[in-house]
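Colleague: Could you take one charged side chain that ties the fold together and walk me through it closely, working outwards to whatever it touches? Cut-offs included, please.

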Amino acid sequence: MRSVVVLGNIPLGTQIVKLLESHPNATVDGVVCREEEFSFDHHAFPEEPGVYEYVRNRDIEIFELDELTTTFSDGELYLGISARNNQVLQEHHLDVFQKGVVNCHGGILPAYRG
């Protein structure tokens with residue numbers, strides 16, 4: 001099984017978690033998201049809850065960003081998927097992922113890079 005962590009709050013992140021849950025070769029080892037309720041009426045998938053709301057009653061652990069480096073060894077996780085994560089990832093955060101982190105960015109580039 002490939003260990004994946006999803007980073008971000010938006011409903012796109014919830015869609016990613018759901019896809020990973022149904023994938024035969026992947027496991028969601030946790031999420032990095034804010035424990036807050038947000039309004040996502042203006043997002044794609046407005047009918048979907050945010051990541052926190054979706055995972056809080058499931059068997060998926062919620063991490064703070066810096067907990068990744070204290071919980072997992074370098075290269076222990078296979079992949080990170082960022083769905084508009086609003087925290088800056090430092091090199092030591094990236095080191096826990098064998099394949100790095102894929103950034104799902106919905107803004108027009110380069111005008112809305114980040």
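Modeller: Arg58 is partly exposed, because its relative accessibility is 40% (under 20% is buried, over 50% is exposed, and partly exposed lies in between, with a 1.4 Å probe and protein chains only). Before going further: this is a predicted model, where local features need pLDDT of at least 70 and side-chain atom pairs count only at pLDDT 80 or more, while totals for chains, interfaces and linings use all residues. Numbering starts from 1 along each chain as its sequence is written, and side-chain values use heavy atoms, with hydrogens and water left out.

So what does Arg58 hold on to? Its side chain meets that of Glu21 in a salt bridge, 3.1 Å from N to O (the cut-off is a Lys or Arg side-chain nitrogen within 4 Å of an Asp or Glu carboxyl oxygen). The two ends come from distant parts of the chain, 37 residues apart: Arg58 sits in the loop between helix 2 and strand 3 (62-63), and Glu21 in helix 1. Helices here are DSSP runs of H or I with at least four residues, strands are E runs with at least two, and both are numbered from the N terminus. Glu21 is also partly exposed, given its relative accessible area of 35%.

A search of the whole structure turns up two salt bridges. The other one joins the side chains of Lys18 and Glu48, at 3.0 Å from N to O. This pair too links distant parts of the chain, with Lys18 in helix 1 and Glu48 in the loop between strand 2 and helix 2, 30 residues apart. Lys18 comes out partly exposed because its relative accessibility is 33%, whereas Glu48 is buried at 10%.

Helix 1 has a partner in each bridge, which makes it the next stop. It covers residues 11-22, twelve in total, and should span 16 Å at 1.5 Å a residue; its end C-alpha atoms lie 17 Å apart, so the geometry agrees (the expected span is 1.5 Å times one less than the number of residues). Its buried residues are Pro11, Gly13, Thr14, Ile16, Val17 and Leu20. What covers them includes strand 1 (2-7), strand 2 (26-32), helix 2 (51-55), strand 4 (79-83) and strand 5 (101-104).

Several of those covering elements belong to the sheet. Its five strands run in the order 3-2-1-4-5, forming an open sheet with parallel pairing. Strand 3 and strand 5 are at the edges, each with a single partner strand, so one side of each has no neighbour in the sheet. Strand 3, which follows the loop that carries Arg58, pairs with strand 2 in the parallel sense over two bridges; two strands count as paired if DSSP finds at least two bridges between them. Ile62 in strand 3 is the bridge partner of Val31.

Zooming out, the chain holds four helices and five strands, laid out along the sequence as β-α-β-α-β-α-β-α-β. Of its 114 residues, 39% are buried. Among contacts with a separation of 6 or more, 64% involve residues 24 or more positions apart (a contact means heavy atoms within 4.5 Å).
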